[in-house]
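Reader: Before we look at individual helices and strands, could you take me through this model step by step, with the reasoning behind each answer?

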Amino acid sequence: MDKKIRTAVIFGTRPEAIKMAPLVLELKKRAEFEPVVIVTAQHRQMLDQVLDLFEIIPDYDLNLMKPNQNLWSLTSEILMETKNIFEEVKPDIVLVHGDTTTAFASALSAFYARVPIGHVEAGLRTFNKGYPFPEEINRVLADAVSDLHFAPTEGSIENLLNSGIKEGILNAGMDNSYQDGRRIYKTGNTVIDALLYTVKKDFDLSYLGLREDLKTILLTSHRRENFGKPLENICDAVLDIIKAHKDIEIVYPVHLNPNVRDIVFKKLDGVERVKLIEPLDYAPFCALMKKAHIILTDSGGVQEEAPSLGVPVLVLRDETERPEAVHSGCVKLVGTNREKITSTVGQLLDDDNFYNSMKMAVNPYGDGLASKRIADIILSRFS
């Protein structure tokens, strides 16, 4: 084709960057595309770690992160800043990812600019608008204004269809530059592309001082709905687990949010065999996931990644928009109930059959080729 497809790729948080980086690299490899990378820097420091790893230099960096920023100001700033960029760049398509405020506000801005929108990781749902907050509504609204939906699984496709997004019906008033009207595609999840790219590299974790004679349990918890009492319960469960099992150590990269750090350091700082460390760059975090015997997390991305490494995952949430991993057996929901967390970890440590049933389950989220599929689909729609 004579004209390159000018593709604006927008992200602002570390999880988005991890999942969009392989797609940016795929677009850059292809002569048919002119990728324009826009970062909102909704999360500044943690975003920069990923940009460095994948050697991506943004074309536009909005640098919007502020101390104690709120959703009202962040949403309005993203809308206005992306409006200006869209008017200057005039993209052929805008790609957003997942369920962040960056994704929702950028998709809405592109809709206002009457630019076609592709939603990567479309169709995830808990069907509870307050859990996770505000992510559930962010992704529902991003799906509502998008034109192409790159769904990771059959379940997410079913969610899209059930929510009224039908094939062949584009947004009202949008110029239909596509040929066959198809909107929904199963692609797998780009996070597996990123993971497999990263774990090929050899990262030395000796600086963490992990003991080789102990099993490593990796813990991450940072979601808004777990602030306060739920996070206190998680920390109390950690104390119970450490007391009951002398052959483990727990490693917790503590999120920078003071709502997390204040509780975690008060409860766990100085506890023997509990390592509180600063957030890790993505590459060493992948290496730590690979080393872990068990992972406790409220992260969506970790639910998708760890099963590819054969590590059982216990999810510190009562609901998940990623039920496929639960159904496959590699992920189990334990919520933030102190006793349930403690007993389930104990079962994994003491029951080899239970442990191996989770370790050997098949990851339903992809094969590492999602970015290639998405690029192929966009190319076919504009050819």
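Author: Let us begin with a term: a residue is called buried when its relative accessible area is under 20%, and exposed when that area is over 50%. The model is a predicted one, and by this cut-off the buried residues of helix α15 are A370, S371, I374, A375, I377, I378, L379 and R381.

Reader: What distance does helix α15 reach from its first C-alpha to its last?

Author: Helix α15 runs over residues 370-382 and has 13 residues, for which 18 Å is expected at 1.5 Å a residue. The distance in the model is close to that expectation, at 19 Å.

Reader: How far apart are the end C-alpha atoms of helix α3, residues 71-89?

Author: Helix α3 has 19 residues, and at 1.5 Å a residue these should span 27 Å. The distance in the model agrees with this expectation, the end C-alpha atoms being apart by 26 Å.

Reader: Within what arc do the buried residues of α3 fall, seen down its axis?

Author: The buried residues of α3 are L74, T75, I78, T82, I85, F86 and V89. They line one face of the helix, because, seen down the axis of α3, they fall within an arc of 105 degrees.

Reader: Which residues are exposed on the other side of α3, and which elements do its buried residues pack against?

Author: On the side of α3 away from the buried residues, W72 and E88 are exposed. The buried residues, in turn, pack against β1 (5-11), β2 (33-39), β3 (60-61), β4 (93-97) and α4 (101-112).

Reader: Which residue caps the N-terminal end of α3, and which residue follows the helix?

Author: At the N-terminal end of α3, a side-chain oxygen of N70 lies 3.0 Å from the backbone nitrogen of W72, and the capping residue is thus N70. After the helix comes a residue whose phi is positive, near 55 degrees, and this residue is K90.

Reader: Which are the edge strands of the open sheet of six strands?

Author: The strands of this open sheet, which has parallel pairing, follow the order β10-β9-β8-β11-β12-β13. Two of them each pair on one side only, and these edge strands are β10 (274-277) and β13 (331-333).

Reader: In β9, which residue is the bridge partner of L218?

Author: Strand β8 (residues 215-220) and strand β9 (residues 248-253) pair in the parallel sense over four bridges. In β9, the bridge partner of L218 is V251.

Reader: What angle does the direction of helix α9 make with that of β10?

Author: Helix α9 (residues 258-268) packs on the sheet, where it touches β9 and β10. Its direction and that of β10 make an angle of about 150 degrees.

Note on methods:
Residues are numbered from 1 along each chain as its sequence is written. This is a predicted model: local features need pLDDT of at least 70, side-chain atom pairs count only at pLDDT 80 or more; totals for chains, interfaces and linings use all residues. Side-chain values use heavy atoms; hydrogens and water are left out. Helices (H or I, at least four residues) and strands (E, at least two) are DSSP runs, numbered from the N terminus. The expected span of a helix is 1.5 Å times one less than its number of residues. Buried means under 20% relative accessible area, exposed over 50%, partly exposed in between (1.4 Å probe, protein chains only). The arc is that of the directions from the helix axis to the C-beta atoms. Contact means heavy atoms within 4.5 Å. A polar contact is a pair of N or O atoms within 3.5 Å; within protein, one must be able to donate a hydrogen and the other to accept it, and residues adjacent in sequence count only if both atoms are side-chain atoms. Two strands pair if DSSP finds at least two bridges between them. Axes are lines fitted to C-alpha atoms, for helices over the stretch in contact, and angles run from 0 to 180 degrees between N-to-C directions.
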